[in-house]
Amino acid sequence: MSDLRRRIFGIGVNSPDSTPASSRDASPAPAQQDERPANSYTVVPAAKLDKLSRKGKNRATKRRNVWIFFVLGGLLGVLVAGFFATSNGGLDKLADMAGLSDMNLDAILDVLPAGLIQEVRDLQTPEKDVVNYDSFAIGLQARSEGVSARYPVIMIPGVISTGLESWGTEEQSRQYFRKRLWGSWSMMRALVLDKTSWKRHIMLDPVTGLDPPGIKLRAAQGFDAADFFITGYWIWNKILENLATIGYDPTNAFTAAYDWRLSYMNYEKRDQYFTRLRNHIELGKQVSGLKVVLLSHSMGSQVLYYFLHWVEAEGYGNGGPSWVNDHIESWINISGCMLGALKDVPAVLSGEMRDTAQLNALAVYGLEKFLSRQERAEIFRRMPGISSMLPIGGEAVWGDHLSAPDDRPGQNITYGNFLSFRQSGNDSANSSTPSSNLTMGQALPYLFAHTQQWYRDATQQAYSRGVAHTRKVMEDNQHIPAKWINPLETRLPLAPDLKIYCFYGIGKPTERAYFYRDDPASSSPGSNSTAGDGDPRVMIDTSHSTPDNFVDRGVIMGEGDGTVNLLSTGYMCNKGWKMKRYNPAGIKVTTHEMRHEPDRFSARGGPNTGDHVDILGRSSLNDLILRIAGGQGDKIETKVYSDIMMYADKVKIYDDEVEEA
Amino acid sequence: MSDHRRRIFGIGVNSPDSTPASSRDASPAAAQQDERPANSYAVVPAAKLDKLSRKGKNRATKRRNVWIFFVLGGLLGVLVAGFFATSNGGLDKLADMAGLSDMNLDAILDVLPAGLIQEVRDLQTPEKDVVNYDSFAIGLQARSEGVSARYPVIMIPGVISTGLESWGTEEQSRQYFRKRLWGSWSMMRALVLDKTSWKRHIMLDPVTGLDPPGVKLRAAQGFDAADFFITGYWIWNKILENLATIGYDPTNAFTAAYDWRLSYMNYEKRDQYFTRLRNHIELGKQVSGLKVVLLSHSMGSQVLYYFLHWVEAEGYGHGGPSWVNDHIESWINISGCMLGALKDVPAVLSGEMRDTAQLNALAVYGLEKFLSRQERAEIFRRMPGISSMLPIGGEAVWGDHTSAPDDRPGQNITYGNFLSFRQSGNDSANSSTPSSNLTMGQALPYLFAHTQQWYRDATQQAYSRGVAHTGKVVEDNQHIPAKWINPLETRLPLAPDLKIFCFYGIGKPTERAYFYRDDPASSSGNNVTTGDGDPRVMIDTSHSTSDSFVDRGVIMGEGDGTVNLLSTGYMCNKGWKMKRYNPAGIKVTTHEMRHEPDRFSARGGPNTGDHVDILGRSSLNDLILRIAGGQGDKIETKVYSDIMMYADKVKIYDDEVEEA
């Protein structure tokens, strides 16, 4: 089955002229052949007709190429889906989405034998019935219960899911003009056909942290920016459908997309993102006479937390101390990684994460050939926005050599050893592995010691990841932009009327710690001549597994939503913001945990998934959002099913009275 | 040749599953079959696979259907392209755009014999070389001369070219959710597959002038709203390319799209369009520290003129008397129909215009079968925004029975007889033709007398089309919203620092007057659905003169192919030179652009003066870049037409003269 999907996926990529690729292209100019310079759109490119005639004759050759394209396309799928779209069988899932549910089945019919089609159809039939649950259904149900649009709604999407369009007009960029180099089939095509050019476009300049000279990528605008990642792979679309059903439209709903590659302060410097967001909120209030409901997902929650500080700060938003209270009705925090995401560390350290480590050997081989660990690490490092999600709170939150707050009884290795090393490499003179395992407090310094100077400087200057233990330090921090992403070093705004809702999934295994070893490629002298200072010299020790599967190919799993750990989604909502120091105005925080109960037959997990991204299509989440937007948020009660309170109590952060005692 | 184009076009429409249709769809959900209710996007729609398998076997049937689809598709093309995309061979052109230049040639190869392909290719080759002129070239040239992005730029598109998305969530609308029912292949598909439903979505409620209950259409947002009408048929895209080349991007450029179907006041009431536009301008200024350059095209210029009044008016925008001066650097008025468009009258009166009147008999037959005159008139009437372009200025501007300002020497029929009638119908008791020809002053009352009560009320209440002859009346009018579209009844804002640039095409024949006759279908009583106000007259396509001055009932005059020269040129060259209409002495620079189309280029090439295609004209793009880059003061007035001669004959004079 998975092979069928892969083949089909490969074909999708292989026929750019008729794929639905164009449906995510920003501009519907006829697809330009990448090897030709940008052309006029107005007449028939005769050369193309010519090419197409030849193509027809080459169908046999094409078929042989299918497998090559499968490998390239599929591996890209892992990279993209892997980081945040997550998890079990990401490759198969993405192929499923992309290859089968799009509009291009005509072309496939020409290539695949009829028997195969029949087979696929038979396999797919059960899925269809199950998945009909979702289009507009929640909205219709809510409307029938009298819920209708009330507050203006603004959505702040997460990392990676927002499309990025090319606006550059240099020779090399013209073919991509106003097409998406992130989040579309254009991206796939560009990556497969001209990887070097794609990388040059997508990576930021190390020194400035902005686009390299001659390149210009900007976040897509409007609802299209984050409704789908690529054709068929929805992100916000289900929420949009349901919001529309109770009366939302472009006049009272808005997607505030941003270029998530930048460090937060550059959002404002380059794109005036926070100024525009503030303006949108104020306009929403002016037009409706009501405060605004904000929805944020994943890293969007960190961005919004930053904004809440920026907007009131003297010299920045200049909104004054009551701006948030005056303009924001509710903040709906969905899967918000308030204390970061642990998988960010291996991603930046060695271009790896569970999704790459646990691939089978063949796929690893293909992935490394196409986009090596070194390249992946470089891409991640040259997107400073990614590093905003490095874990916050150090050993106090993530544990020490002895124990971690979320250790389970009977666990014989503590999660506190975030990066562990078997001793293999230490006898070698140029080994990069340390002599002992590393806690979170040690792992980040280790990361900075093994990355380039520019990365170290940019990341450390932009974001602070410590803990403030007294109220006085907190108040001082309110004026330091680098602290504004850190809810353990700054407080919530003084907005007693604001309501915060935390909705996140639980019960899906999430990577929690790693085994690392020397990277043989970098330590064997001279074999990798391009390895410069800061290039990854270590890699996940995929050869290490324990018989009880506690360690699986070098990765130790813990609790969470499959991408973000429970401590990150749950700690602030359930404990941190109950402390006077972090929430002096006593803003009401309501947590509603959502158990991961995926539908086995549904590729995206169905109506009860708790997955980090797929939760955006979850029935109960949509229902809660509609009720809050419709003005009935006060009826929502806290529901906590996980052991987060038990873990939170073990976190070594206490309210002032206790700390001072 | 034109047959080839049509066949190919038909096929494009006929294979929705693989057309580039989706590229204009707002949301890239997997294409839903229109006959099925909205489905989940997440998994394979098994039913579709099934359908597709069947489709494969049906290819032979499909081929027979091609001609049917050609007729339907082609005729729709006329309707759409006809009104504003204009003119000579609109059908062929649109087919050309749509069928040939898109990405879907694979599918065509499967259907067409190789010889045909070869033939098409040979025919097309010369075009390719010619048209390479345009992508980024103007921008690169300007950049090399040191022009770079300076002022924030906001674009206000014209009528029809802005896409409209469905946001309704009732059963009937769900299949269209966030897809475009105007300005995309979804529209074509919806129109062909379910015309009734499409009409129900697209027409507004006669009484409220808003969406009918259960239906919700909203203007598309962002640059995508007006960059292309459908795949390959660019509108603003060339300007965007060139702006980007000198440094514009989403942070300093913006497309302010609106739902052009509404009457102007409803733009604000329903969508807060003017509030949002004001907010965008203010934000642009706040972020850049510089005033904003506004670009408007066609009806967008009327909308912007309305906005300039709304924004300062007490009780509306509340901007105060210096808001425009404080926030707007320049207004670039492209092909602006400041005094309306004459073709609006036959469109609303009988669902016709030159583009439909001068089709060949077969095409007329097909068009009437698919979308009749009655239906077309109803659609146009139930879009109150369309009627904002009914001609302004009456006989003073458009002439009387004896002469018109733009009559040419030796012309034996005056343009002043805007609607003429040959006497054929007058012996019949229930004839709707009047006993004499009608000037513009008589034609609009005639129109209102032959349309429904709701249309009359809505149009007359929303827009005023007269002339104010004294400065005092003009000042009083500044407070009456219905006058805000009319530059002959209101004045420009008191913004001495504002610069106005008028760019418009000249030298392309433009419909100027019509011959009408009774519609036999309505008078013979065999059309039982004819209600009160349904069209009872039609363009007299049987009337042509041997010198072609009257061609199938239409008399041509000067203009850009869509809008008449008097409408594009009068205010820019004469009206706004009068103290009454421009008391602050705002500098108005006119740059006329001769229509010199490239014969081999479907859209007219780098020197076209066509109403819409001018947006791709080299010199227009160049001028826009210079103004946006802060060098607008170097632009000089260039007038090649006889507009000054015509303007002097218009019976509107400055106060001193009028009072004398």
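Colleague: Before we get going, what does contact mean here?

Modeller: This is a predicted model, so keep in mind that everything comes from computed atoms. For a pair of residues to be in contact, the cut-off is on their heavy atoms. They have to lie within 4.5 Å.

Colleague: Then which residues is Phe307(A) in contact with, leaving aside its neighbours within four places in sequence?

Modeller: Phe307(A) is among the residues with the most contacts inside the largest nonpolar core, a group that also includes Trp260(A) and Trp577(A). Leaving aside neighbours within four places in sequence, its partners are Phe274(A), Leu277(A), Arg278(A), Ile281(A) and Trp323(A).

Colleague: Which helix gives the largest share of this core?

Modeller: The core in question has 168 residues. Nine of its residues come from one helix of chain A, covering residues 299–312, and that is the largest share. The helix is α14.

Colleague: How many residues are in the other core, the one with Trp198(B)?

Modeller: That core lies apart from the largest one. Among its members are Trp198(B), Ala226(B), Trp398(B) and Leu615(B). Its size is 160 residues.

Colleague: Over to the open sheet in chain A: which strands are at its edges?

Modeller: The sheet has three strands in the order β3-β2-β4, with antiparallel pairing. An edge strand pairs on one side only. In chain A that picks out β3 (180–182) and β4 (217–219).

Colleague: And which residue in β3(A) does Leu164(A) stand opposite?

Modeller: Strand β2 of chain A covers residues 164–166 and is joined to β3(A) by two bridges. The two strands run antiparallel. Opposite Leu164(A) stands Trp182(A).

Colleague: Which helix lies across β2, β3 and β4 of chain A?

Modeller: Look at residues 195–202 of chain A. The helix there runs at about 85° to β3(A). Its name is α10.

Colleague: Why are the buried residues of α7(A) on the same side?

Modeller: Helix α7 (residues 137–144) of chain A has Ile138(A), Gly139(A) and Ala142(A) as its buried residues. They are on the same side of α7(A) because the arc they cover around the axis is only 95°.

Colleague: Which helices do those buried residues pack against?

Modeller: Both partners belong to chain A, one at 237–245 and the other at 619–629. They are α11 and α26.

Colleague: Is helix α19 of chain B largely enclosed or open, and how many of its residues are buried?

Modeller: The helix spans residues 373–381 of chain B. Its buried residues include Arg373(B), Glu375(B) and Phe380(B). It is largely enclosed by the rest of the structure, because the buried count is eight of the nine.

Colleague: Now the cysteines: how far apart in sequence are the parts tied together by Cys502(A) and Cys573(A)?

Modeller: These two form a disulfide, with sulfur atoms 2.0 Å apart, and the link is left-handed. Cys502(A) lies in strand β9 and Cys573(A) in helix α25, so the parts tied together are apart in sequence by 71 residues.

Colleague: Which cysteine does Cys502(B) join in a disulfide?

Modeller: The S to S distance is 2.1 Å, and this link is left-handed too, with -80° about the S-S bond. The partner is Cys572(B).

Colleague: Why is there no bond from Cys337(A) to the closest cysteine sulfur, and how far away is that sulfur?

Modeller: Cys337(A) counts as buried, at 0% relative accessibility. The closest cysteine sulfur is in Cys573(A), and a disulfide needs the two sulfur atoms within 2.5 Å. There is no bond because the sulfur is too far away, at 11 Å.

Methods. Residues are numbered from 1 along each chain as its sequence is written. Chains are lettered from A and ligands numbered from 1 in the order in which they are written. This is a predicted model: local features need pLDDT of at least 70, side-chain atom pairs count only at pLDDT 80 or more; totals for chains, interfaces and linings use all residues. Side-chain values use heavy atoms; hydrogens and water are left out. A nonpolar core is a set of buried Ala, Val, Leu, Ile, Met, Phe, Trp, Tyr and Cys residues joined through side-chain atoms within 4.5 Å. Buried means under 20% relative accessible area, exposed over 50%, partly exposed in between (1.4 Å probe, protein chains only). Helices (H or I, at least four residues) and strands (E, at least two) are DSSP runs, numbered from the N terminus. Two strands pair if DSSP finds at least two bridges between them. Axes are lines fitted to C-alpha atoms, for helices over the stretch in contact, and angles run from 0 to 180 degrees between N-to-C directions. The arc is that of the directions from the helix axis to the C-beta atoms.
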